[in-house]
Amino acid sequence: MSKKRLLEQVDQAFNSQNNQKGLELLREYIATNDKDLEQLYRLAIIEEQIGETKNAGNAYLACIKHDKRLLKAYLYGGYFFQQIGELEKALALYSLGNDIDARLTLMHQNEKLSYETRVRSHHANKALRSHFTKLHSQSVESTKGSTRIANAIWPQTHNEQVNYLTDGQKPHLFYIPELEAKPIHESNQFDWCQLLEESFDDLTDEFVKLLSLIEQKGMPYLDGSYKVKGFESLVGSKNWTALNIYKDGVANNSLLSLMPKTAKILAGIPLYKVDGKPFEVFFSLLKAGQHIQPHFGQSNHSLTVHLPIIVPKGGYLTVANEIRAWQKGKVIIFDDSYIHEAINPSEEDRVVMIFSIWHPDLSIEEQRSILASFQARSQWLEARSQHLL
């Protein structure tokens, strides 16, 4: 029997309310046409409604195997597994789907969508928030962290409404409400700043030889996936370029070998580290006439440091309405969880070295608790796909 004829019989059976026969015919069709994604997804839905649990689960997973961006399969499949008590599979599907499109957990707010889709989105949102909130609590307890770290929030997945203490400070990844907060920290409060500024000539001597590498090997600071209004001129563009010395804890050894004096200087600074490695250090080039629009950073447990190297006239940084002009060789330390922007109105490029340090109000024990929370989340995200095997 031809594919077309078999599908016609499937439709006829369901249209005449002979659902069991329609299901059997659809199974027969998929047995030889398992790459027909539309019908495979249809089978998953019908198996869930009137078929067999095992078949429904396999059909949802098969949909995702054939098309890893089929958002509805993650949402409907996740809800199916949650309803039959396989929560780890449900959480894996919800979170993987949400990575593809963050609207997965927000569909319940859209009244134009079907009731069934909104119900499943609501459950996905609630399940993920509960899971990640619990994950944070457990990780902090395991390190005997302080109360204020236990009360820290992952805003995107917190189990309750997030109440920021001020409108000017809204980190969107990790937030410690009880941590001392101020937009700019004066450099004279940090002993290492004097050493860094006194070593500026050594650093710039090496940098002059590296300047061409920013254009050759630097990467757009914002990749093409960044979809925030106002940043169109910077996304995927070298208008804002980063030449990474360390990125996500990974050293650029080929670059470090060209800058031994700078590497030694960095080793004397209490950089923000993960697993003992500096998390982020880079040269940031902002081209002439570019404006980094006001935005909030990711967290308030670390501070951002600017060491201006090439400074055209007129360029400045604004943090929560406090304006600081870049001055060659003069350190600026600020909390980028506050709203901030950077402007280079000149006709020349601006270059600063940027790195992060721990917030000075955090104890060593609190730092460990924060890293434990980040590690617990990272480990779960890395391992989640195993639940779908």
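Where does Asp248 lie? Asp248 sits in the loop between β3 and β4, and the close-ups below work their way around that spot and then over to a helix and a second loop.

A few ground rules before the views. The model is predicted, with local features needing pLDDT of at least 70, side-chain atom pairs counting only at pLDDT 80 or more, and totals for chains, interfaces and linings using all residues. Residues are numbered from 1 along each chain as its sequence is written, and side-chain values use heavy atoms, with hydrogens and water left out.

**View 1. The β3–β4 hairpin and Asp248.** Strands here are DSSP runs of E with at least two residues, while helices are runs of H or I with at least four, both numbered from the N terminus. β3 and β4 (residues 250-251) pair antiparallel through two bridges; to count as a pair, two strands need at least two DSSP bridges between them. Across this hairpin, Lys247 has Val250 of β4 as its bridge partner. Two residues separate the strands, and Asp248 takes a positive phi near 55° in this hairpin. That is a positive value in a residue other than glycine.

**View 2. Strand β3 and its other neighbours.** β3 covers residues 240-247, and seven of its eight residues are buried, meaning under 20% relative accessible area, with exposed over 50% and partly exposed in between (1.4 Å probe, protein chains only). β7 (residues 280-286) pairs with β3 over seven bridges, again antiparallel. Lys247 turns up here too, with Glu280 in β7 as its bridge partner. β2 (residues 219-220) also runs antiparallel to β3, joined by two bridges, and Met219 stands opposite Ala242 in β3.

**View 3. Helix α4 and what covers it.** α4 holds 14 residues (53-66), and its end C-alpha atoms are 20 Å apart, in agreement with the 20 Å expected at 1.5 Å a residue. The expected span is 1.5 Å times one less than the number of residues. Buried residues in α4 include Ala56, Gly57, Tyr60, Leu61 and Ile64. Their cover includes α3 (37-50), α5 (71-83), α6 (87-100) and α7 (115-142); contact means heavy atoms within 4.5 Å.

**View 4. Asp275 in the β5–β6 loop.** Asp275 is found between β5 (273-274) and β6 (277-278), in the loop. Its phi is positive, about 55°, although Asp275 is not a glycine. Is Asp275 buried or exposed? Asp275 counts as exposed because its relative accessibility is 65%.
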